[in-house]
Each structure stands twice: as C-alpha cells, then as structure tokens.
Amino acid sequence: MKAFNINLNDCNQRLDRFTAKVTCNMSSTLINKYIRLKRIKVNGKRAENNYKLKTGDLVEMYINDEFFPLPQKSPLFFLNASDKLNIVYEDDNIILCDKPAGLIVHEDEKESSDTLINRILKYLYMKGEFDPEREHCFTPALCNRIDRNTGGIVIGAKNAEALRIINLLIKERLIEKRYLLIACKRPPKQRDIVTSYMKKLEGENRVLVFDKPCEGAKTAITEYELLEYKNGYSLIEVVLHTGRTHQIRAQMAHLGCPLLGDGKYGINREDKHLGFKNQALYSYKLTFDAQKKAGILSYLNKKSFEVKDVYLRREFERITK
C-alpha cells in the first residue's frame, strides 16, 4: 500500500488521472476497477473515478508494488548542474531565464547533467521552493524551448497551475516572442510579414520552404523589420506568428539573407572568420497578452520582459566597422 497526501500541485485532478501519473503499466480499465473495488480510496472512503482531488486529501492505493515505478535516478540528480543562471524575472509562479547559446534546455544523448532545467531545479531546491521528495507527480518545468545554439528567454513554471496556463497561452499565441538576428545581405523589404510553407525532411533535422501550399507542409508566418544595414550585414527584429521548427532560420535563408553563422541554412564556413560558429539569433523579449485566460497569472497581462544587453547588438557594430 502507498499513500499520497495531496498538495497544491496535485489538486483539481481527477482521481483516475492522478492514479495514472503515479503508477505504471496500469490500464484505465484496471484503474477504474480498483477504484470501484475500493483498492484506491480517498480519505478512507470509496470515491468516483472523476472525483476532483482537494488539497489535504489522503489517497491510499492498495495495489501491488509492480504497478509503482522504480526510481530511475537520484531525486537530487540536478545538483550536478552548474550554478550559473541569468534570471530575467521571477515570482511565486514563474521564472524567466536568459539561456546562453550553447546550453541545452533538456537532457539529450550528449548531456544529461548541465541543462537549463536542471540549473533551475537546483536553484529552486537551494531556495527551498522545490523538494522532489514532497512532490508526487509534478516537477517545475520549461514551457518553451530554444535550440542549443540560440540564446534567449525561456519560461519556467514553478507549479502545476502556472504550467497549465502558460502552455495554454503559448498554444493560443497569447505570448509574443521577439527575436534579434544578424543576417548576411539585406532582406527584400524594410518591413514585411512573410507567409510560406515549411516541410520537415524525413530523417534530417532541417526543413524545406515553399512559397505555395504543398502536401505535408505547414503554414509559417514571420514578421520582420530591418533595424540597420551596414557593409553587407543586417540587424533585424523578428516576431513569430507561428512556431515551426527552424522557422526564422529557414525563412530568412529563403528570402536570400541567411543568418550569420548558420551552417544548416546559411554559409557558415564564410562566417567563422568573424567569430560566429553558431547562428546569430536571440529571443530577447516576451510580452504577455493574457486577457481573461490567465487565471492566477492575470498580473502578467500586457507586461513585457526583455534582455537589455543582447550581445548581437555589440557584435553587429564590431563586424560592420
């Protein structure tokens, strides 16, 4: 038997869905059967499978140990991460971090320790805001991702309700993301909203861009403004209206002005002598247009958060002297 004291990050979930999260290899049919037979109880009593858990509830599960997952790693695995964390904004619900280019957001086959999320977990643990041994099915999580070699603001949710809301706002395009980039050559117009169609290449981490709709391609909409042009290079601000893989990099290259340092869509071998081994792209500003869907995050409505000292501005001046 295992017992779970329901906390803020567990509440408002259906009993059957909570059970599915804290167990493994249990079908929904078996979960509902065990709830019906009172092998899964709430506060010592039988409950319906759609019962919404409340803070302070005690959920007892009289089921075999084989249905509970074995720990895959130490609960404090994130303590091996670096202490370096550039915080743009933080409150009780969210944390906005300025991720440097070169740092991955989540674990991959090459790096399993020093990731942005592990740095955040370590920071919150050391502050006493997160203890994995007190949580049943929630861990602070990132709400958006940025490529390893792109820098900029990443949103972290400290609790389950904030994670749900931020994910909803992102899905409904209610958080505006602005990027700065340095491009080779000049874009066709001073300012434009570009609509194209992007298709992922099977087995390759790249996309193709088309001017007209075609089978398997998704619509990609990017707004850009040329801020400055000197000596063959452009400093450009971009607003994403959709969120496709490699959208900015692929679309700018399709327009004839690939990003400086972009070896996938540009001419990286000619950029290295300028000191650019990776794409010159930075997600530097977020604005919340939360409206009535923000719930506990309503205080963020119309607020903007910005990385003030974006290195690309200095680099643009350096390479165009």
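Helices and strands are taken here as DSSP runs, numbered from the N terminus. In these terms the predicted model contains six helices and 14 strands.

The protein has 321 residues, of which 45% count as buried. Along the principal axes, its C-alpha atoms fill a box of roughly 75 × 45 × 40 Å. The exposed area of the protein is about 17100 Å², and carbon and sulfur atoms supply 47% of this area. Where contacts in the protein link residues at least 6 apart in sequence, 65% of them join residues at least 24 apart. The protein carries 55 positive and 42 negative charges, and the mean positions of these two sets are 3 Å apart.

A patch of positive charge is present on the surface, where Arg 173, Lys 200, Lys 218 and Arg 244 gather. Of the members of this patch, Arg 244 was examined further. Arg 244 is placed in the loop that runs between β12 (233-240) and α5 (247-254). The relative accessible area of Arg 244 is 32%. Since residues count as buried under 20% and as exposed over 50%, Arg 244 is classed as partly exposed because its value of 32% falls in between.

A second arginine, Arg 119, belongs to helix α3, which spans residues 116-127. Arg 119 has a relative accessibility of 12% and therefore counts as buried, the cut-off for this class being under 20%. When neighbours within four places in sequence are left aside, the contacts of Arg 119 are with Ala 81, Ser 82, Lys 84, Leu 85, Leu 103 and Asp 114. An acidic residue, Asp 114, is thus among the residues in contact with Arg 119.

The acidic residue Asp 16 was considered in turn. Asp 16 is located in helix α1, formed by residues 15-22. With a relative accessible area of 12%, Asp 16 is buried. Not counting residues up to four places away in sequence, Asp 16 touches Ile 31, Asn 32, Ile 35 and Asn 49. Asp 16 was also compared in position with Gly 295. These two residues are separated by 279 residues in sequence, and the distance between their C-alpha atoms is 25 Å.

In summary, Arg 119 in helix α3 and Asp 16 in helix α1 are buried, whereas Arg 244, in the loop between β12 and α5, is partly exposed and takes part in the positive surface patch.

Methods:
Residues are numbered from 1 along each chain as its sequence is written. This is a predicted model: local features need pLDDT of at least 70, side-chain atom pairs count only at pLDDT 80 or more; totals for chains, interfaces and linings use all residues. Side-chain values use heavy atoms; hydrogens and water are left out. Patches are made of residues with over 30% relative accessible area and no salt bridge: like charges are joined within 9 Å, nonpolar side chains (Val, Leu, Ile, Met, Phe, Trp, Tyr) within 5 Å. Accessible areas come from the Shrake-Rupley method with a 1.4 Å probe; for residues, only the protein chains shown count as cover. A salt bridge is a side-chain nitrogen of Lys or Arg within 4 Å of a carboxyl oxygen of Asp or Glu. The place of a charge is taken as NZ of Lys, CZ of Arg, CG of Asp or CD of Glu. Helices (H or I, at least four residues) and strands (E, at least two) are DSSP runs, numbered from the N terminus. Buried means under 20% relative accessible area, exposed over 50%, partly exposed in between (1.4 Å probe, protein chains only). Contact means heavy atoms within 4.5 Å.
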